[in-house]
Amino acid sequence: MAPKRTAETDPRATLRGGLPDRYLTPGDIAEIFGVPLETVYQWRRKRTGPPGFRIGKHVRYDPAEVQAYVIQLKNVDRVAA
């Protein structure tokens, strides 16, 4: 069983409350959006999800860019409705 997340360790809470003090991992992105980790990797391959970048062999996501991505999706959805 996974350890219980608190507001300090839950990436979704940090995004809602402001920018976290670290870059997000693909696992964080999967948890934030409630999707499997493989979906995050597919988004990256297809260039359809939040923009990520590499640090060596690791993929990371800037929380500000993830927030901008969500805002963009919300705006597109509102226009389409």
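What share of the contacts in the protein with a separation of 6 or more comes from residues 24 or more positions apart? The figure is 38%. Keep in mind that this is a predicted model.

I'll begin with the layout. The protein has four helices and two strands. Starting at the N terminus, the order of elements is α-α-α-β-β-α. Of the 81 residues in the protein, 22% are buried.

Next, the core. The largest nonpolar core has eight residues. They are Leu-24, Ile-29, Ala-30, Ile-32, Val-40, Val-59, Tyr-61 and Val-66. Two elements, H2 and strand E2 (58–61), each give two or more residues to this core. Which of the elements gives the most? That is H2, with three residues.

Staying with H2, which covers residues 26–33, I want to point out Asp-28, which sits in this helix. Asp-28 has a relative accessible area of 7%, so it counts as buried, the cut-off being under 20%. Where does the side chain of Asp-28 make a polar contact? It does so with the side chain of Arg-22, at 2.6 Å. The pair also qualifies as a salt bridge, with that 2.6 Å taken from N to O. Arg-22, for its part, is partly exposed, at a relative accessible area of 37%.

How many salt bridges does the structure hold? There are two. Besides the one between Asp-28 and Arg-22, Glu-38 forms a salt bridge with Arg-45. Here the closest N and O atoms are 2.8 Å apart. Glu-38 is partly exposed, with a relative accessible area of 41%. Arg-45 has 57% relative accessibility, which is over 50%, so it counts as exposed.

Now helix H4, residues 63–80. H4 has 18 residues and spans 26 Å from its first C-alpha to its last, close to the 26 Å expected at 1.5 Å a residue. At the N-terminal end, H4 is capped by Asp-62. A side-chain oxygen of Asp-62 lies 2.9 Å from the backbone nitrogen of Ala-64.

Which residues of H4 are buried? They are Pro-63, Val-66 and Tyr-69. Looking down the axis of H4, these buried residues fall within an arc of 120°, so they line one face of the helix. As background, an α-helix has 3.6 residues a turn, so residues three or four places apart point the same way. On the face of H4 turned away from the buried side are the exposed residues Arg-78 and Val-79. One of the buried three, Val-66, is also a member of the largest nonpolar core.

I'll finish with Tyr-69, which lies in H4. Its relative accessible area is 13%; buried means under 20%, so Tyr-69 is buried. What is Tyr-69 in contact with, leaving aside its neighbours within four places in sequence? The list is Phe-33, Thr-48, Gly-49 and Pro-50. For Thr-48 there is a specific pairing: the side chain of Tyr-69 reaches the backbone oxygen of Thr-48 at 3.1 Å. As for Gly-49, it is 20 residues from Tyr-69 in sequence, and the two are 7.8 Å apart in space, C-alpha to C-alpha.

To recap the two residues I dwelt on: Asp-28, buried in H2, has its salt bridge to Arg-22. Tyr-69, buried in H4, reaches the backbone oxygen of Thr-48. That's everything from me.

Note on methods. Residues are numbered from 1 along each chain as its sequence is written. This is a predicted model: local features need pLDDT of at least 70, side-chain atom pairs count only at pLDDT 80 or more; totals for chains, interfaces and linings use all residues. Side-chain values use heavy atoms; hydrogens and water are left out. Buried means under 20% relative accessible area, exposed over 50%, partly exposed in between (1.4 Å probe, protein chains only). Contact means heavy atoms within 4.5 Å. A polar contact is a pair of N or O atoms within 3.5 Å; within protein, one must be able to donate a hydrogen and the other to accept it, and residues adjacent in sequence count only if both atoms are side-chain atoms. The expected span of a helix is 1.5 Å times one less than its number of residues. The arc is that of the directions from the helix axis to the C-beta atoms. A salt bridge is a side-chain nitrogen of Lys or Arg within 4 Å of a carboxyl oxygen of Asp or Glu. A nonpolar core is a set of buried Ala, Val, Leu, Ile, Met, Phe, Trp, Tyr and Cys residues joined through side-chain atoms within 4.5 Å.
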